[in-house]
Amino acid sequence: MGINVILDYGFWAREEREDFRSRAERPGASSEVHFLDVSEDEPLRRLTHRNAQRSPQAFYIPEEMMKPWIATFQKPTSDELRRRDEPRPQNHAIANTEND
């Protein structure tokens, strides 16, 4: 395809990551997940900074609301972190994409 694209999106669940990887695979693009493994303290520290810099483009998120979200995060597996650019087997089913 000739271009690189970076999706800076939460991708908190494996299902979300797999959905976007399959979307990349359909037209023949490779995909790669980059994951920064940080402690729970880091997103909370960043949230405190973000909340202190409030603007019309960012809404306030209470720490009490963020903690349950952090607990639901699914760390990527080693398989998910593997670059995917191998050709698909011919018998690989293609999902219905009418609603994408």
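**Helix packing and aromatic rings in a predicted model**

In this predicted model, the axes of helix H2 (residues 41-52) and helix H3 (residues 63-72) come within 11 Å and cross at roughly 150°.

Me: Why are H2 and H3 called roughly antiparallel to each other?
Reply: Their axes cross at roughly 150°. Angles over 145 degrees count as roughly antiparallel, and H2 and H3 are therefore placed in that class.

Me: What is the handedness of the crossing of H2 and H3, and which residues make the contact?
Reply: The crossing is right-handed. On the H2 side the contact is made by Pro43, Leu44, Leu47 and Thr48, and on the H3 side by Glu63, Met66, Lys67 and Ile70.

Me: What makes up this contact of H2 with H3 by class?
Reply: It has 5 nonpolar, 1 polar and 2 charged residues. Thr48 of H2 is the polar one, while Glu63 and Lys67 of H3 are the charged ones.

Me: How many aromatic pairs does the model contain?
Reply: The count comes to 5 aromatic pairs, where ring centres must lie within 6.5 Å.

Me: Why is the pair of Tyr9 and Phe20 called tilted?
Reply: The ring centres are 6.1 Å apart, which satisfies the limit of 6.5 Å for a pair. The planes stand at 45°, neither under 30 degrees, as stacking requires, nor over 60, as edge-to-face requires, so the pair is tilted.

Me: Where in the chain do Tyr9 and Phe20 lie?
Reply: Tyr9 belongs to the segment before helix H1 (14-25) and Phe20 to helix H1, with their positions 11 residues apart, and the pair links distant parts of the chain.

Me: Why is the pair of Phe11 and Phe20 called edge-to-face?
Reply: The two ring centres are 5.1 Å apart and the planes are at 80°. Because that angle is over 60 degrees, the pair is edge-to-face. Ring pairs link Tyr9, Phe11 and Phe20 into a cluster.

Me: Which of these three residues count as buried and which as partly exposed?
Reply: Phe11 has 13% relative accessibility, under the 20% cut-off, so Phe11 counts as buried. Tyr9 at 49% falls between 20% and 50% and is therefore partly exposed. Phe20 at 31% falls in that range as well and is likewise partly exposed.

Me: How do you know whether Asn51 is buried or exposed?
Reply: Asn51, in helix H2, has a relative accessibility of 13%. This value is under 20%, so Asn51 counts as buried. Asn51 touches Phe59, Tyr60 and Ile61, not counting residues up to four places away in sequence.

Me: What makes Glu18 partly exposed?
Reply: Glu18 lies in helix H1, and its relative accessible area is 23%. That figure is over the 20% below which a residue is buried and under the 50% above which a residue is exposed, so Glu18 is partly exposed.

Me: Which residues are in contact with Glu18, leaving aside its neighbours within four places in sequence?
Reply: Glu18 is in contact with Glu80 and Arg84. Glu18 and Glu80 are 62 residues apart along the chain, and their C-alpha atoms are separated by 8.3 Å.

Me: What is the pattern of secondary structure, and what share of the chain is buried?
Reply: The chain has 3 helices and 0 strands, in the pattern α-α-α along the sequence. Buried residues make up 16% of its 100 residues. Among contacts between residues at least 6 apart in sequence, 67% join residues at least 24 apart.

Methods: Residues are numbered from 1 along each chain as its sequence is written. This is a predicted model: local features need pLDDT of at least 70, side-chain atom pairs count only at pLDDT 80 or more; totals for chains, interfaces and linings use all residues. Side-chain values use heavy atoms; hydrogens and water are left out. Axes are lines fitted to C-alpha atoms, for helices over the stretch in contact, and angles run from 0 to 180 degrees between N-to-C directions. Helices (H or I, at least four residues) and strands (E, at least two) are DSSP runs, numbered from the N terminus. Angles under 35 degrees count as roughly parallel, over 145 as roughly antiparallel, 65 to 115 as roughly perpendicular and the rest as oblique. A crossing is left-handed if the near helix is turned anticlockwise from the far one by less than a right angle, and right-handed if clockwise. Contact means heavy atoms within 4.5 Å. Rings of Phe, Tyr and Trp (its six-membered ring) pair if their centres lie within 6.5 Å; planes under 30 degrees apart count as stacked, over 60 as edge-to-face and the rest as tilted. Buried means under 20% relative accessible area, exposed over 50%, partly exposed in between (1.4 Å probe, protein chains only).
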